[in-house]
Amino acid sequence: MKLYNGGSILTGLVIFLGLVTFPLWFNAGSKAYSQPEVKLPAKEKECIESKEFMRKEHMQLLNEWRDWALREGKRTFVNSKGKEYTISLQNTCMKCHDNKAEFCDKCHNDQAVSPYCWDCHIQPEGLKK
Amino acid sequence: MNALYSLVFVFALVLIPLIGVGAAKLNVFFGICIPSTALLVFLAGFVCKIYGWAKRPVPFRIPTTGGQQEPYDTTLFTQNKWDNPSTGPQTVVRMLLEVLCFRSLFRNTAVKLDVKNNVVAYASAKWLWLFAILFHYSFFIIVARHMRLFLAKVPMPLEWLEFGDGIMQIGIPRMYMSDVLILVGLLFLLGRRLVDPKIRYISLVNDYFPLFLIIGIALSGVYMRYFAKVDVIAIKDMVVSLTQLKFKVPAGIDNSFYVHLFLVSTLLFYFPFSKLMHLGGVFLSPTRNLPNDTRIRHHENPWNDKSIMPHSYAAYEDDFRAPMFEAGLPLEKLPEGAEEEAKA
């Protein structure tokens, strides 16, 4: 069957199909995907809240910590079990999770999210990797 | 009623994966079978539709134009090159303006009563253009942004897009501007069908259904990101391994993801058979993509039989001169010897 202006229509169609199937041929080149594995602290076994809570809500918690510490001057956090912690990213969180590259960045880079923690905070000296 | 049918239908579509995954545990069916089938149907349907359109001949120039066409005397009038193009490149510019800037929606008018002058008149109505462009560009950005969950290694420009979309740093997780704008756009496009009686009268189920469906997709996405905080790592694992044809369904993915995925699959199934095909159709609309050169170039019907040659009147008379003369019909050229005969 005759196509009218077949050349340009087919070119457009091929470009469109290429764009839609972009993930297929882009991923075909890279090796099989596996979930990133974070390096958990060796010494400490328990975080300030449960693992499930931290997985879901750590960004919310850090945001609240920032507001409490810097805007309200409140420096103590009481977790769901009643245990007290000092509100500080660098002194509390990073005491155990002492390697940003091996912990934070693993998932964040994988998901292409860029948290703005490090706009203000400096990674503790000697831990830059 | 049409709006209500569509709404109920979308609710039913939400319930299917909720029951299918929540109660029947059909994770593989809803996570892999349905989306891959949907993608195949989308691609095949899209190609068939375009192929069907490409088969239709467009022998003549039929652009709908606005503005001065290329004038015979260029000193008298100036051509409106983008509204009334006469060459290929000008038509390309016109098409770009149409596809990227929605120029014909920008020219939208509405009949209004001008109270001050007490006349009924056409006035510019830009709302449709504004919300349509918000909706379409937000949708585009959202689709592009989703690539971070589809690509094993995310290219730099997509990271910038993610950063730019959330640059206002409102809330945690950062609010994406496109999430808000797509909902604003959709709600206007829906509201206009519901509020204006004239548009409500002509609105069909297939006008409301895509709107409700895309609203459902956007809301389920918003719910997943800002409220349920689903496990994106597990989701990415599933999606990327699907694109690498290594099928796996990790545990711990929230049901809301399956709802989102099912609604998107429905959109893909529905797309090639619906008005949403204007995605491809806009490029093939002959009232837009043809230059207005009807009187500049000679256009020939492409399916004319080449063996049938033009037959002039002179040639016709050559064929039938003798019988025509005999019948006494007026002739441009008399048969040989006829003049002498008449004299004699």
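Contact here means heavy atoms within 4.5 Å. By that criterion, 36 residues of chain A touch 46 residues of chain B. The model is a predicted one, in which local features need pLDDT of at least 70 and side-chain atom pairs count only at pLDDT 80 or more, while totals for chains, interfaces and linings use all residues. Residues are numbered from 1 along each chain as its sequence is written, chains are lettered from A in the order in which they are written, and side-chain values use heavy atoms, with hydrogens and water left out.

Turning to area, the two chains bury about 3,700 Å² between them, 66% of it on carbon and sulfur atoms; buried area is the accessible area (1.4 Å probe) lost when two parts are put together, summed over both. On the side of chain A, the residues that lose the most area to chain B are A:Tyr4, A:Tyr33 and A:Gln111, together 19% of what that side buries.

As for polar features, two salt bridges are counted between chain A and chain B, each being a side-chain nitrogen of Lys or Arg within 4 Å of a carboxyl oxygen of Asp or Glu. A:Arg55 forms a salt bridge with B:Asp231, with the closest N and O atoms 3.1 Å apart. Four helices of chain A (DSSP runs of H or I, at least four residues, numbered from the N terminus) each supply at least two residues of the side that touches chain B: H1 (6–20), H2 (22–29), H3 (51–71) and H5 (104–111). Of these, H3(A) gives the most, with six residues.
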